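Me: I've got a structure open and I'd like to go through the labels people put on it. Can you walk me through the reasoning behind them?

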Amino acid sequence: MSSTLAGAFGIAALFVAVLALVFAIQALRAQSGAPKAAAKLPATPQPQPQVQSTAAPQPEAKPGTVKSELRRLSKELEDARSELRDTLQHLAVVRYDAYGDMGGRLSWSMALLDDNGDGVVLTSINSRNDARSYAKEVKAFESESKLSPEETEALENLRKEAAQPRHTPES
């Protein structure tokens, strides 16, 4: 088997391992957190009781009407958005040459974070003979483990992205 083919298999295996790690983290979060939105949604639309606010009383909508369905869907959408904040949805990748004797920027560091800056930094350092992978936990854009300059760059890219205002559609 040629070294190019072996390298391709190695990178493919590393990618599968990273994917498995991401799914494992999501599964652990699902077990420790609240039930997912799909578990909360009723199989058929059920009219929800209306909650009266003290600010401005709204007239009670008849069950099954468009207005009541819009209110129910609006609440479900807000619940889904709330749960989405805890998912690993922000990604930054920094590619680089870890060793001077190799080109092609085959080494990489990747930060996967949620809206709170919690998640993981994954790094793969590739040389001619082997590839090494590292995973470091991140809480609030900080890690207790010492980070490489490339890992720090990936985190800083996401920190800058988080500091920018997000555009969400108006309700």
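Me: Let's start with Phe141: why is this residue called buried?

Reply: This is a predicted model, and in it Phe141 has a relative accessible area of 14%. The cut-off for buried is under 20%, so Phe141 makes it. Phe141 sits in the loop between strand 4 and helix 4.

Me: What is notable about phi of Phe141?

Reply: Phi of Phe141 is near 65°, a positive value in a residue other than glycine. Most residues other than glycine have a negative phi. Ala140 has a positive phi too, near 55°, and Ala140 also belongs to the loop between strand 4 and helix 4.

Me: What makes Ala140 partly exposed?

Reply: Its relative accessibility is 46%. Partly exposed covers what falls between under 20% and over 50%, so Ala140 goes into that class.

Me: Which nonpolar core does Phe141 belong to?

Reply: Phe141 is part of the largest one, which has 12 residues, including Ala92, Val94, Tyr96, Leu113, Val138 and Leu158. Strand 1 (90–96), strand 2 and helix 4 (149–163) each supply at least two residues of this core. There is also a second, separate core of six residues, with Val22, Trp108, Leu112 and Leu122 among them. As a general point, nonpolar side chains tend to be buried together in soluble globular proteins.

Me: What does Tyr96 touch, leaving aside its neighbours within four places in sequence?

Reply: Its contacts include Arg105, Trp108, Thr123, Ile125 and Glu150.

Me: How do you know whether Gly117 is buried or exposed?

Reply: Gly117 has a relative accessible area of 0%. Buried needs a value under 20%, so Gly117 counts as buried. Gly117 is in the loop between strand 2 and strand 3. Beyond its neighbours within four places in sequence, Gly117 is in contact with Val138, Lys139, Ala140 and Phe141. Its C-alpha atom is 9.5 Å from that of Asp86, which is 31 residues away along the chain.

Me: Why does Asp118 have no salt bridge?

Reply: The nearest side chain of opposite charge, Lys139, is 4.8 Å away. A salt bridge needs a nitrogen and a carboxyl oxygen within 4 Å, so Asp118 and Lys139 don't qualify. Asp118 is buried all the same, in the loop between strand 2 (107–113) and strand 3 (119–126).

Me: What does the side chain of Asp118 reach at 2.8 Å?

Reply: That would be the backbone nitrogen of Ala140. The cut-off for a polar contact is 3.5 Å, and 2.8 Å falls within that. Not counting residues up to four places away in sequence, Asp118 also touches others, among them Arg29, Leu88, Leu112 and Val138.

Me: What makes Lys136 and Glu151 a salt bridge?

Reply: Their side chains come to 2.9 Å, N to O, and the limit is 4 Å, so the pair passes. Lys136 lies in strand 4 and Glu151 in helix 4, so the pair ties together parts that are 15 residues apart in sequence. Lys136 counts as buried at 17% relative accessibility, and Glu151 counts as buried at 2%.

Me: How do you know whether Arg132 and Asp130 are buried or partly exposed?

Reply: Arg132 has 46% relative accessibility and Asp130 has 34%. Buried stops under 20% and exposed starts over 50%, so each counts as partly exposed. Their side chains meet in a salt bridge at 3.3 Å, N to O.

Me: Where do Glu76 and Arg72 lie?

Reply: Both are in helix 3 (residues 66–84), four residues apart, about one turn of the helix. They form a salt bridge with closest N and O atoms 2.5 Å apart. Glu76 is buried, and so is Arg72.

Me: How many salt bridges does the structure hold?

Reply: Nine.

Me: What pattern does the chain follow along the sequence?

Reply: The pattern is α-α-α-β-β-β-β-α, from four helices and four strands. Of the 171 residues in the chain, 25% are buried. The accessible surface comes to about 12000 Å², with 59% of it belonging to carbon and sulfur atoms.

Terms used. Residues are numbered from 1 along each chain as its sequence is written. This is a predicted model: local features need pLDDT of at least 70, side-chain atom pairs count only at pLDDT 80 or more; totals for chains, interfaces and linings use all residues. Side-chain values use heavy atoms; hydrogens and water are left out. Buried means under 20% relative accessible area, exposed over 50%, partly exposed in between (1.4 Å probe, protein chains only). Lys and Arg count as positive and Asp and Glu as negative; His and the chain ends are not counted. A polar contact is a pair of N or O atoms within 3.5 Å; within protein, one must be able to donate a hydrogen and the other to accept it, and residues adjacent in sequence count only if both atoms are side-chain atoms. Contact means heavy atoms within 4.5 Å. A nonpolar core is a set of buried Ala, Val, Leu, Ile, Met, Phe, Trp, Tyr and Cys residues joined through side-chain atoms within 4.5 Å. Accessible areas come from the Shrake-Rupley method with a 1.4 Å probe; for residues, only the protein chains shown count as cover.
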